[in-house]
Amino acid sequence: MGLGGSLIVAIGSQNAYLLRQALKREFVLSCVAICVLCDVVLIGAGVAGMGALITEAPALLLLIKIAGAAFLGWYGWRAARSALQPGSMQAGAETAAADRRTVLTAMLAFSLLNPHVYLDTVVLLGSIGGQQAGMGRWYFAAGAMLASLLWFSSLGLAARYLTPVFARPRAWQILDVVIALVMWSLAISLFL
């Protein structure tokens, strides 16, 4: 659980997008469910042996890197553009909500188009969990999955306590700048 939590808690594109949606109060439970479900499937696949398969398919990893970098670069550009319009959003304000399909598709993309998620869940957790004897591998996987459930639920549901902070347009502007920098850093790191 500790190892899984330490990998999941690192602020990345998935966490940043979930936080943004939670602050906007748009489809939070669905976004949390997607994050947890993706982690559960990927951790389970890794412990079952898929980690070795991915490390032996460098072409697949390269394709995921290119798609992930393009998506992260594009979303970083959107966040930077939003930061230039600080009055455009306020937590709890009556603004036009995003389309459910658009939000959930983006959450899936942030969850699955990031090569780091495969390296963390499938390769790293999978290889460590796969070395455990007997049922130990599944106890290890259950601990990592529980860490995912606890983290994403906490992030999604606790964000409402930050609403007073994000009642000011300047706070949204700062968040969007941070999100843009995180997205661009991750996109660049995929090629380094």
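**Close-up views of a predicted model**

**View 1. Glu 26 and its salt bridge to Lys 24.** With a relative accessibility of 8%, Glu 26 counts as buried. The model shown in this and the following views is predicted. The side chain of Glu 26 meets that of Lys 24 in a salt bridge, with an N to O distance of 3.5 Å. Lys 24 counts as partly exposed, at 24% relative accessibility. Asp 99 may be included in the frame: 73 residues separate Asp 99 from Glu 26 along the chain, while their C-alpha atoms are 9.2 Å apart. Asp 99 is placed in the loop between α4 and α5 and, at 45% relative accessibility, is counted as partly exposed.

**View 2. The salt bridge between Asp 176 and Arg 20.** The structure holds two salt bridges. In the one drawn here, the closest N and O atoms of Asp 176 and Arg 20 are 2.7 Å apart. Asp 176 belongs to helix α8 and Arg 20 to helix α2, so that the pair links distant parts of the chain, 156 residues apart. Asp 176 and Arg 20 are both buried. Side chains of opposite charge can pair when their charged atoms come close.

**View 3. The largest nonpolar core and the surroundings of Phe 110.** This core comprises 38 residues, of which Leu 18, Met 107 and Phe 110 touch the most other members. At least two core residues come from each of α2 (13-24), α3 (28-55), α4, α5 (100-112), α7 (136-158) and α8. The greatest contribution is that of α8, which gives nine residues. Another core, of seven residues, lies apart from the largest one and includes Ile 43, Val 47, Phe 140 and Ala 141. Which residues are in contact with Phe 110, leaving aside its neighbours within four places in sequence? These contacts are Ser 13, Gln 14, Tyr 17, Phe 71, Leu 72, Tyr 75 and Met 183.

**View 4. Cysteines 31, 35 and 38, without a disulfide.** A disulfide is a covalent bond between the sulfur atoms of two cysteines. The structure holds zero disulfides. Why is Cys 35 not bonded to Cys 31? The sulfur of Cys 31 is the closest cysteine sulfur to that of Cys 35, but the distance is 6.8 Å, which is too far for a bond; the cut-off applied to a pair of cysteine sulfur atoms is 2.5 Å. Cys 38 is likewise in no disulfide, its nearest cysteine sulfur being that of Cys 35, 7.2 Å away. Cys 35 is buried, at 0% relative accessibility. Cys 38 is also buried, with a relative accessible area of 9%.

**View 5. A nonpolar patch on the surface.** The patch covers about 770 Å² and is made by Trp 74, Trp 77, Val 177, Leu 181, Trp 184, Ile 188 and Leu 192. Two or more of its residues are given by each of the elements α4 (58-83) and α8 (169-189). Which element gives the most to the patch? The answer is α8, with four residues. Trp 74 is found in helix α4. Its relative accessible area of 41% makes Trp 74 partly exposed.

Notes
Residues numbered from 1 in each chain as written. Predicted model: local features only at pLDDT ≥ 70, side-chain atom pairs only at ≥ 80, totals over all residues. Heavy atoms only, no water. Patch = residues over 30% accessible without salt bridge, like charges linked within 9 Å, V, L, I, M, F, W, Y side chains within 5 Å. Areas by Shrake-Rupley, 256 points an atom, 1.4 Å probe, with all protein chains shown as cover. Salt bridge = Lys/Arg side-chain N within 4 Å of Asp/Glu carboxyl O. Buried < 20%, exposed > 50% of the residue type's maximum accessible area, 1.4 Å probe, protein only. Core = buried A, V, L, I, M, F, W, Y, C linked by side-chain atoms within 4.5 Å. Contact = heavy atoms within 4.5 Å.
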